[in-house]
Amino acid sequence: MDIKLLRAFVILARQEQYRSAAEVLCLTQPALTKQIQTLEHLVGFTLFKRGRQGARLTTAGQLLFSRASELLKQHDDFREFVSRVRKGNTGKLVLGFGVSAFQLAPSKVTTFHKMYADVEVSLNDMPSDVQYRMLLEGQLQAGFVRLPVPEKLKAEPLMEERLVLAVNDSLHVEPINIQDVLDRYQLLQISPLRGQGLSTQVTGFLRENKLSARTLSVADDIQTLLALIAAGSGVALLPAGVSHILPSGVKLVTLEGVYTRWQVGIAWSPEIKDCLRDNFINMVLKPLSL
């Protein structure tokens with residue numbers, strides 16, 4: 001049943017005059033009459049009695065009126081909801097981030113939520129290579145990742161990240177000779193399956209700076225790795241972003257040389273249309289365009 005027929009029925013029942021109802025509906029009176037007749041034919045009984053006092057609902061029409069009004073409101077609410085989704089004003093936003101964006105990502109989400117209070121945001125900590133895959137599969141709408149990204153993704157840079165050496169704060173040698181430290185302590189690493197980008201960065205840093213180390217993959221997350229360093233189990237090469245989650249007993253040593261810097265940005269799949277995601281990305285990038 002065409003929703004416009006129900007709308008004509010409800011408006012006429014409320015106005016009780018064909019002329020005023022037609023004006024509300026932006027129709028001619030003959031067009032409105034035809035719609036009411038069509039609806040009466042579909043339901044199989046008379047809905048209105050016309051007389052000097054206008055159009056009044058029949059007993060059967062009165063039974064339909066409340067249900068028709070409710071259905072019409074649901075239809076209008078649905079159309080309004082669709083419009084809000086289309087404009088990116090409501091819905092759910094699923095985002096990824098890594099340790100380098102530990103401070104940046106939550107701050108951007110907080111700002112966005114103030115602008116779009118009806119949007120539910122899910123922020124998930126995961127390695128960049130996992131984010132790449134989930135972005136391509138449509139499981140993530142956007143991610144704060146290591147750059148560059150795979151060819152089918154689009155990204156914009158947001159910040160520069162640096163490689164640092166995390167050591168137990170009992171190490172007081174200044175300035176620290178990196179090779180001496182690596183000779184004395186095991187180099188603890190995140191499992192390559194959990195941090196492929198970081199593993200590649202560390203390997204490149206050691207190779208390009210002609211450093212040797214006794215490496216040991218001992219953890220699936222950086223928090224565990226930092227706890228092991230605090231306990232004196234070794235040292236680790238990590239993103240400078242770990243400074244925001246640094247436990248007591250661990251300090252960071254700034255590194256120089258090749259393979260110590262990389263870009264972090266926001267990435268998304270341009271093949272997937274998503275106004276809500278685009279609103280978030282535009283908000284994130286806005287400071288860069290000022």
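**Aromatic rings, charges and cysteines**

F48 has a relative accessibility of 6% and therefore counts as buried, a term that stands for under 20% relative accessible area, with exposed meaning over 50% and partly exposed the range in between (1.4 Å probe, protein chains only). The model is predicted, so local features need pLDDT of at least 70 and side-chain atom pairs count only at pLDDT 80 or more, while totals for chains, interfaces and linings use all residues. Residues are numbered from 1 along each chain as its sequence is written, and side-chain values use heavy atoms, leaving out hydrogens and water.

F48 belongs to one of six aromatic pairs in the structure, where rings of Phe, Tyr and Trp (its six-membered ring) pair if their centres lie within 6.5 Å, and planes under 30 degrees apart count as stacked, over 60 as edge-to-face and the rest as tilted. Its partner is F9: the ring centres are 5.6 Å apart and the planes stand at 65°, so this pair is edge-to-face. The two residues are 39 apart in the chain, with F9 in helix 1 (residues 3–15) and F48 in strand 1 (residues 48–51); helices (H or I, at least four residues) and strands (E, at least two) are DSSP runs, numbered from the N terminus. F9 is also buried, because its relative accessibility is 1%.

Elsewhere, ring pairs join F112, Y116, F144 and F280 into a cluster.

Charges sit over rings as well (NZ of Lys or CZ of Arg within 6 Å of the ring centre and within 35 degrees of the ring normal): R50 lies over the face of Y18 at 4.0 Å from the ring centre, and R146 over that of W262 at 4.3 Å.
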